Structure formats: C-alpha cells, structure tokens
Amino acid sequence: MSKSEKTVVITGASSGIGLGLAEAFLREGYNVVGTARSQARLQAAADQLQAGERFLGVAGDVGVPESARAVFEQAIAGYGHVDVLVNNAGIFAVKPFVDFTPEEVDEQIATNLKGVLYMSQQAARHMGERGQGRIINITAALALQPQAGVPALMAVALKGGINQATRALALELAPKGVTVNAVAPGVTATPMHPADTHAALGSMHPLGRIARIDEIAAAVQYLVNAD
C-alpha cells in the first residue's frame, strides 16, 4: 500500500484530460486509480506517469455497474479509501442528430450518463459512510450553450442532464459532508483534436484559443481543495 493518505478515482484516465488529471493529482500527493476500457492503454499511461505503486489502472466499462463496483473495491483494497471521484470518461460526437444509429445512442448513454451514475453511486455510498469526499463531473460548455454550427445534440442532452444531476446530488449529499460539483470545459487541446484544427477551433472561443488540459485540472483541484 502507498504511504499517501489521499486517493482519487479518475475515469477515462488513459489519455487527454483524464491523463492530465492523473498527473496533476499525483503532483498533489494523491494515489490515483485510473479507469479505461483498455488495460494496454492504462499500462501505457502508467509507464508515462512513472508513479509506481501510487497509480492503479483498472480496466472496464464504467457504463456497466459491475465495473464501477470493481473500481471502488480495488481502490479501497489497495489504498484504504477514496477521497475524490472525477467522472471524466465521455464520448463526444459532432453529427446531425438524425444520423445517430441506435447503437451510437446506446453507447453515448452508457458512457456519458450511466458511467457517471454508477460511479457516483459507489462514491456516494463510500464517502457518505466516511462523512467526507468530493465528486467532480466533467461536463461540457456546449451543454450550457448549444451552437448552431456544432450539431451535438447527444452531448448537449447527456452532459446537460449531468449538470442538473450534479445539482441534485450536491443537495442530497451535503448533509453527509460530501460535495458534488461540475467543470464544463470548452474545446480542449487533447488527442481528440488534431493540432492543425486548433486555430480554427480557437476562433470560436472568446479567448481566441482552445483550453489547455492543465487549466481544466486547475479548476478540478480548486473544487477539491475548497472549504
């Protein structure tokens, strides 16, 4: 067992924002339990992070309740408890709504909605019993303000629903000492967006550029550390 006293569970931790969050929490002295569907990608992340026993990769589909349960069981077995859950895993697709197949709709609902709900159930139960904890949901700015030139109804519907679920769960868990918040990034520089698209995507933002992963991580850590 690691000597660190703090543990965070991060979904979708093998790349992009999730991997950046793992790096940031490791710097803050946390143990990190990262999830992804591929054990090979988690191993690649572990190799990059070079965190030794302070990083535990647990492969599985967060949209399946048994996977969410396994993540928390392994986190608690390895590190004793979980202090923070970051629901970061998500699928984002820009396409006309009428073009979504039933399989794509089901996949988006499983990852973007069920994944948050099942992981949060595990966190709420564990953290509520301990009388402390933080749940942070990564949603999307687009869910707060859809754009005419970006057809992404599935993301708007599901991430928008998670925004409201965040408010409801925050009220439910506050008496138990558990806070629940959301961070809603705009377009962020991740492997999802090739470098040659960054300038065009940045022109859609007030700052004239897309977000950096470290900025998202800073927002998450602010909420984790706030009294």
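This is a short talk on the helix packing in one protein, and the model I am showing is a predicted one.

Let me start with the overall layout. The protein has eight helices and six strands, and if you follow the chain from its beginning you meet them in the pattern β-α-β-α-β-α-β-α-β-α-α-β-α-α. There are 227 residues in the protein, and 45% of them count as buried. Looking at the contacts with a separation of 6 or more, 68% are accounted for by residues 24 or more positions apart. As for the outside, the accessible surface comes to about 11,100 Å², and carbon and sulfur atoms hold 56% of that area.

I would like to spend most of my time on three helix pairs, beginning with helix α1, residues 16-27, which takes part in two of the contacts I will describe.

The partner I take up now is helix α8, residues 213-225, whose axis comes within 9 Å of that of α1, the two crossing at roughly 55°. With that angle, α1 is oblique to α8, and the crossing in which α1 passes α8 is right-handed. On the α1 side the contact is made by Gly16, Ile17, Gly20, Leu21, Ala24 and Phe25, while α8 brings Ile213, Ile216, Ala217, Val220, Gln221 and Val224. What kinds of residue make up the contact of α1 with α8? They divide into nine nonpolar and three polar, with no charged residue in the contact.

The other partner of α1 is helix α2, residues 39-49, and here the axes come within 11 Å and cross at roughly 40°. That angle again makes the pair oblique, α1 to α2, and α1 passes α2 in a right-handed crossing as well. From α1 the contact involves Leu19, Ala22, Glu23 and Leu26, and from α2 it involves Ala45, Gln48 and Leu49. Sorted by type, the residues of this contact of α1 with α2 are five nonpolar, one polar and one charged.

Glu23 deserves a closer look, since Glu23 is one of the α1 residues in that contact. Is Glu23 buried, partly exposed or exposed? Its relative accessibility is 30%, so Glu23 counts as partly exposed. Leaving aside residues up to four places away in sequence, Glu23 touches Gln48 and Leu49, both of which belong to the α2 side of the contact.

Just beyond that I would point you to Gln50, in the loop between α2 and β3, where β3 covers residues 55-59. Glu23 and Gln50 are 27 residues apart in sequence, and their C-alpha atoms are 9.7 Å apart in space. Gln50 is not a glycine, and yet Gln50 has a positive phi of about 50°. With a relative accessible area of 70%, Gln50 is exposed.

Let me now move to the third pair, helix α3, residues 65-79, and helix α4, residues 102-130, whose axes come within 8 Å and cross at roughly 40°. α3 is therefore oblique to α4, and α3 passes α4 in a right-handed crossing. The residues that make the contact are Pro65, Ala68, Arg69, Val71, Phe72 and Ile76 on α3, together with Tyr118, Met119, Gln122, Ala123 and His126 on α4. In terms of character, the contact of α3 with α4 is made up of eight nonpolar residues, two polar and one charged.

Within this pair I would single out Gln122, which has its place in helix α4. Where does Gln122 stand, buried or exposed? At 15% relative accessibility Gln122 counts as buried, because the limit for buried is under 20%. Not counting residues up to four places away in sequence, Gln122 touches Ala68, Arg69 and Phe72, and these are among the residues that α3 brings to the contact.

The last position on my list is Ala174, in the loop between α6, residues 153-173, and β6, residues 178-183. Ala174 has a relative accessibility of 49% and so counts as partly exposed, the cut-off for exposed being over 50%. Ala174 and Gly128 are separated by 46 residues in sequence, with a C-alpha to C-alpha distance of 9.3 Å.

To close, I return to the three crossings: α1 passes α8 in a right-handed one, α1 passes α2 in a right-handed one, and α3 passes α4 in a right-handed one too.

Definitions and conventions
Residues numbered from 1 in each chain as written. Predicted model: local features only at pLDDT ≥ 70, side-chain atom pairs only at ≥ 80, totals over all residues. Heavy atoms only, no water. Helix = DSSP H or I, 4+ residues; strand = E, 2+ residues; numbered from the N terminus. Buried < 20%, exposed > 50% of the residue type's maximum accessible area, 1.4 Å probe, protein only. Contact = heavy atoms within 4.5 Å. Areas by Shrake-Rupley, 256 points an atom, 1.4 Å probe, with all protein chains shown as cover. Axes fitted to C-alpha atoms, helices over the stretch in contact; angles between N-to-C directions. Parallel < 35°, antiparallel > 145°, perpendicular 65-115°, else oblique. Left-handed = near helix turned anticlockwise from the far one by under 90°. Nonpolar A, V, L, I, M, F, W, Y, C, P; charged D, E, K, R; others polar.
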